[in-house]
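Trainee: Got a minute to walk me through how these chains meet?

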Amino acid sequence: MFVESFLTTEIALAALPILWMGLVQTILLALLCVPLGIGAGLAAALLSGRPERAIRWPLIGLIDIFRAVPPLVLLIFLYAGLPFAGLDLGAWGAVALAFLLNTGAYYAEIFRAGIESVGRGQAEAARALGLRRWQVSLFVVLPQAVRNVLPDLVSNTLEVVKLTSLASVVALPELLFQARQAQSITFNATPILVAALFYFILLWPCVRLLSRLENRQIAGRR
Amino acid sequence: MSGLDAFLFSFLNARVAAEYWPKIVDGLGVTIVLALLVILAGLALGLGLAVLRALGIRPLNWAIIFLVDVFRALPPLVLIVLIYFGLPAAGLSFSGFGATWLALTLVLMAFAEEIFWAGICAVPKGQWEAGRALGLRFLPTLGRIVLPQAIRIAVPPLTNRTIAITKGTALGSVVAVAEILGAAQSGMAFSGNPTPLTLGAIAYILLFLPVVVAGRWVETRFRWKR
């Protein structure tokens with residue numbers, strides 16, 4: 001019974017092409033969402049480090065709000081709510097904007113922590129050597145900041161790739177969506193299991209790498 | 001109607017809000033209960049696995065590491081769908097609530113195990129040796145000397161991870177759990193107006209913004225001194 005409805009080889013094979021198309025979409029989504037999130041997060045982190053309160057406080061407030069709203073809520077709001085205001089973003093647009101705002105906020109927090117972990121003396125020394133402000137940020141502070149928070153960056157990137165599965169809710173044909181289509185056609189849960197296997201194969205190396213990075217970080221702190 | 005009026009009519013419509021806010025409040029209750037159940041079970045299981053791993057039995061440790069890796073690699077939504085649609089085929093039926101609870105609990109268990117284990121590893125070896133030298137057995141040394149220190153180390157990363165996973169309760173709407181998002185979506189479908197969704201988003205912000213701000217405070221308060 002279990003094997004029949006959960007691990008049917010014929011159904012797995014038949015669903016494979018559909019799932020493969022989904023996997024390609026998932027990878028494309030990840031390639032779109034990760035740079036969007038990193039770009040938005042980096043910009044927000046650099047801006048929230050500026051001395052002007054009028055920039056810093058509203059930005060930190062926004063970051064906290066987008067960290068408080070579950071990404072699925074944000075996505076549904078953009079996809080199903082905004083058309084009422086005459087703004088139809090479509091599935092890809094809604095997913096891209098939701099990721100920009102949500103994962104951007106998470107990346108911003110991480111970059112902020114990283115930038116704060118670099119001693120002030122570094123920036124002052126670089127200024128004293130005659131580097132311009134943007135050069136100080138780009139060549140002196142950021143490389144050290146990124147090194148200090150690398151495990152968190154990798155961890156968040158893994159979360160972003162996992163989060164692309166939310167796009168199935170707005171009918172974007174990524175891996176989970178394709179698996180559910182195949183399931184509803186075949187009345188059999190095998191395609192979902194195969195999709196889970198795809199996710200695992202795709203992301204396991206990332207999890208292992210992360211484990212090693214985290215262990216090294218803890219060992220370094222001892 | 002001016003632009004602003006039209007916008008308010010759609011997104012903060014008083015009539016629709018008056019009709020649907022009790023549903024959203026019910027959803028808020030479901031979200032809070034689900035979140036608390038996930039946090040309780042997930043943290044307890046994670047701590048249990050970390051303690052098992054501290055016993056140092058090789059094959060057992062490999063099994064734990066693999067289990068943790070699986071639930072760190074799979075997206076929570078995939079797990080929920082798999083449990084809800086897949087497990088009935090194996091004779092195990094879950095309600096939407098049960099499936100969401102189980103999936104999020106397993107995910108939190110995996111992350112919590114990693115963080116507790118990292119905390120245990122970060123306690124200096126001398127603490128173990130001192131405990132043993134004082135005549136304490138393995139388990140009392142672990143429970144009374146190492147774990148209290150390990151848990152303190154684990155608090156900041158664990159807080160943020162727990163908040164992130166708790167927000168996953170919104171995924172329950174996909175398998176028909178009437179939590180905040182589910183209630184808001186059905187309200188939107190019935191009224192043909194997105195106001196319930198606005199209310200839902202406000203409910204989430206009211207619920208999680210204090211938690212996010214508190215998490216930021218905990219993180220700086222308990223941060224490792226370098």
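What follows is a short back-and-forth on a predicted model.

Trainee: Okay, which helix of chain B gives the largest share of the side that touches chain A?

Mentor: The contact takes 40 residues from chain A and 39 from chain B. On chain B, helices 1, 3, 4, 5, 8 and 9 each supply at least two residues of that side. The largest share, nine residues, comes from helix 9 of chain B.

Trainee: And how many residues on that side of chain B are nonpolar?

Mentor: Sort the side of chain B that touches chain A by residue type. Five are polar and three are charged. The nonpolar count is 31.

Trainee: At what angle does helix 3 of chain A cross helix 9 of chain B?

Mentor: Residues including Ile65(A) and Ala68(A) in helix 3 meet residues of helix 9 of chain B, among them Phe208(B) and Val212(B). That contact divides into eight nonpolar residues, two charged and no polar. The crossing is right-handed. The axes come within 8 Å, and the angle is roughly 115°.

Trainee: Which helix gives the most to the largest nonpolar core?

Mentor: That core has 124 residues, and Val73(A), Leu75(A), Val78(B) and Ile80(B) have the most contacts inside it. With 16 residues, the helix that gives the most is helix 5 of chain B.

Trainee: Last one: leaving out residues up to four places away in sequence, which residues does Val78(B) touch?

Mentor: Val78(B) is one of the residues with the most contacts inside the largest nonpolar core. Its partners, with those sequence neighbors not counted, are Ser165(A), Leu176(A), Ala195(A), Ala196(A) and Tyr199(A).

Technical notes: Residues numbered from 1 in each chain as written. Chains lettered and ligands numbered in written order. Predicted model: local features only at pLDDT ≥ 70, side-chain atom pairs only at ≥ 80, totals over all residues. Axes fitted to C-alpha atoms, helices over the stretch in contact; angles between N-to-C directions. Helix = DSSP H or I, 4+ residues; strand = E, 2+ residues; numbered from the N terminus. Left-handed = near helix turned anticlockwise from the far one by under 90°. Contact = placed C-beta atoms within 7 Å. Nonpolar A, V, L, I, M, F, W, Y, C, P; charged D, E, K, R; others polar. Core = buried A, V, L, I, M, F, W, Y, C linked by C-beta atoms within 7 Å. Buried ≥ 20, exposed ≤ 12 C-beta atoms within 10 Å, placed from the backbone.
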